[in-house]
Amino acid sequence: MKQRSAVYLDLLGILLAIVAALVIGILVIFMVSNEPVAALQALFIEPFTSLFSFGSVLNRMIPLVFTGLAIVVVFQSGVFSMGAEGQLYIGALTGALTAVYVTDLSPWIHIPLVILAALIGGALYGLLPGVLKAYFKADEIVSTLMFNFIAILFVSYLLNYVFKAPDSGGFARLPFIQDSAKLGQIFNGFPTHAGFLIAVLAAVAVYLLMYKTKTGYELRTVGKNPLFAEYGGIKPKKVLILSIAISGALAGLGGTIEVIGLHGTLKDNFSAGLGFDGIIVSLLARNHPIAVLLSAFFYAYLQVGGQIMQANSDVPRDLAIIIQALLVIFVSSQAIFAYLKQRKLMSASGGGRDAK
């Protein structure tokens, strides 16, 4: 009963934070705009007024689901990884290379092969900071951030000097992917591609992994109390490395889904911070895999609404982005403080995150 009450209070806190953040956003719009009603209508209503706008929200939501799930796995395992952005780039690279240079395959074989390549690429890249943390006690926050820069610059170098498409002009990108590797639309006339269905399946799969399997139990137990887990026969080093590898696989899959579902090629700097947005999505979802679907939708809805508001009112683009950022920061602040409090309690009780 106490646990249920805590969940209800947690949900109430999230709702109050969202309402308060939206009220502040509305007040800011009234302060800066000469046509605040039009701006608010564009921000909150227009994303639902056409199939194109709503489909754009779902398309924007897809990579956020994958990076959000990637963060859920490591956060529930007690690892504060910031590496989803770099893992997303490496997964996009390995998947895109498979989609471009592997030819003469049926879509039923080619698409799963591309997905497998992305999973492996992201997982292997996630293993590196995991091994450094487990065996050399390298701080995972610093190492994963640095690995992000390595991945982004490495992919940029390849796209500019090694795999650059001859017909790309001044843009750095791979050749377009094979038709057999493309994800089609969910149905004709609706702009959302089939990656949405894969994202939903991924959320269900992560939920089953975390709450219905022995591996998930070990991941969550180490995240809550590493010492207790070790006394119970769980090996924290193995769990730490496994959690970052699974996280990397999910982020890498998200990168490739963007390539084969939306862009049709791998472009330089294609992500624009999707890995970091995943942290916000995960915090909004309180690290629950199914709730990631809702938080990713909410975040994507704000992004698309901000773009429409910019196009249909006197609220400038920069201000729209600032308002959106303030909304998200306000909503996520509760979860950040809760997580930091949990880390402090674990440290005070001697249950640090260091793998033994």
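Helix 4 crosses helix 5 in a right-handed sense, meaning the near helix is turned clockwise from the far one by less than a right angle. The model is predicted: local features need pLDDT of at least 70, side-chain atom pairs count only at pLDDT 80 or more, and totals for chains, interfaces and linings use all residues. Residues are numbered from 1 along each chain, and side-chain values use heavy atoms, without hydrogens and water.

**Helix 4 with helix 5**
- Helix 4 spans residues 84-101 and helix 5 residues 107-136 (DSSP runs of H or I, at least four residues, numbered from the N terminus).
- Their axes lie 7 Å apart at about 145° (lines fitted to C-alpha atoms over the stretch in contact; angles run from 0 to 180 degrees between N-to-C directions).
- Gly91 and Gly95 are among the helix 4 residues in the contact, and Gly121 and Gly122 among those of helix 5 (heavy atoms within 4.5 Å).

**Helix 5 with helix 10**
- Helix 10 covers residues 236-263.
- Helix 5 packs on helix 10 at about 145°, with axes 6 Å apart.
- This crossing is also right-handed.

Note on methods: Helix = DSSP H or I, 4+ residues; strand = E, 2+ residues; numbered from the N terminus.
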